[in-house]
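This report describes a single protein chain for a reader beginning the study of structure. Please consult the sequence and the three-dimensional view while reading.

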Amino acid sequence: MKTGSASSMWFVHWVMGLAFYAVMSISVWIEGSDAIVESWKAQAPARILASRVPSAMALYFWAWAKQNECHRHLAGLRKYTLPTAGLFRFFVCPHYTCECLIYLTIAFVAAPADRWFSGPVICGLAFVVANLGATAVGTRQWYAQKFGAEAVASRWTMIPLVF
């Protein structure tokens, strides 16, 4: 497997990434602060493992493993080769799909007890979908131009049955 890369990241993107994670962390902390304060007041021990955690962790680790598999496949390709192994048979950018699944499971686990999903993490997911989605569209176009439209015609771009 190849290591290292000659590609670089624009400074603005680097700052935007740092700001994204800082805002996400603060937002989740603010959303959960009431529950933290309530747990301090309660005499009963805090519930660490909510009923939603096992299923979310299973999906999280599946998505993480598949994303790793995608990245390893991409890293092992010769330059300018169409990826075709694993989830690449069904998606143009399956590693982006897995990233979105990871955020969705975090939103599910981080949700306050009275809601299905964490608002701040869902907003973060929307941001990630928009950013990765734009890149995925460009990737699809590049693949179609380089390898022919039929090479990616049967693949979803990033989100099954939708995009």
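Leaving aside its neighbours within four places in sequence, with which residues is Arg52 in contact? In this predicted model, Arg52 touches Phe108, Val109, Ala111, Pro112, Ala113, Arg115 and Trp116.

**Overall architecture**

The protein contains four helices and zero strands, and from the N terminus on its elements follow the order α-α-α-α. Of its 163 residues, 29% are buried. Among contacts with a separation of 6 or more, 69% join residues 24 or more positions apart. The protein exposes about 11,000 Å², of which carbon and sulfur atoms supply 67%.

**The surroundings of Arg52**

Arg52 is placed in the loop between α1 (11-41) and α2 (53-76). Arg52 is buried yet has no salt bridge. A salt bridge requires a side-chain nitrogen of Lys or Arg within 4 Å of a carboxyl oxygen of Asp or Glu, whereas the nearest side chain of opposite charge, that of Asp114, is 7.4 Å away from Arg52. The side chain of Arg52 does, however, reach the backbone oxygen of Trp116 at 3.3 Å. The two distances are set out below.

| Partner of Arg52 | Relation to Arg52 | Distance |
|---|---|---|
| Asp114 | nearest side chain of opposite charge | 7.4 Å |
| Trp116 | backbone oxygen reached by the side chain of Arg52 | 3.3 Å |

**The nonpolar cores**

In soluble globular proteins, nonpolar side chains tend to be buried together. The largest nonpolar core here has 17 residues, and those with the most contacts inside it are Tyr96, Tyr103, Val128 and Met158. At least two residues of this core come from each of α1, α3 (94-109) and α4 (119-147). The element that gives the most to this core is α4, with six residues. Apart from this core lies another, of seven residues, including Ala63, Leu87, Cys98 and Ile102.

Val128 illustrates the packing in the larger group. Leaving aside its neighbours within four places in sequence, Val128 is in contact with Phe20, Glu99, Cys100, Tyr103 and Gly133.

**An unusual backbone angle**

Where does Tyr80 lie? Tyr80 belongs to the loop between α2 and α3. Most residues other than glycine have a negative phi. Tyr80, by contrast, has a positive phi, near 60 degrees, although it is a residue other than glycine. Is Tyr80 buried or exposed? Tyr80 is exposed, with a relative accessible area of 52%.

Methods
Residues are numbered from 1 along each chain as its sequence is written. This is a predicted model: local features need pLDDT of at least 70, side-chain atom pairs count only at pLDDT 80 or more; totals for chains, interfaces and linings use all residues. Side-chain values use heavy atoms; hydrogens and water are left out. Buried means under 20% relative accessible area, exposed over 50%, partly exposed in between (1.4 Å probe, protein chains only). Contact means heavy atoms within 4.5 Å. Accessible areas come from the Shrake-Rupley method with a 1.4 Å probe; for residues, only the protein chains shown count as cover. Lys and Arg count as positive and Asp and Glu as negative; His and the chain ends are not counted. A polar contact is a pair of N or O atoms within 3.5 Å; within protein, one must be able to donate a hydrogen and the other to accept it, and residues adjacent in sequence count only if both atoms are side-chain atoms. A nonpolar core is a set of buried Ala, Val, Leu, Ile, Met, Phe, Trp, Tyr and Cys residues joined through side-chain atoms within 4.5 Å.
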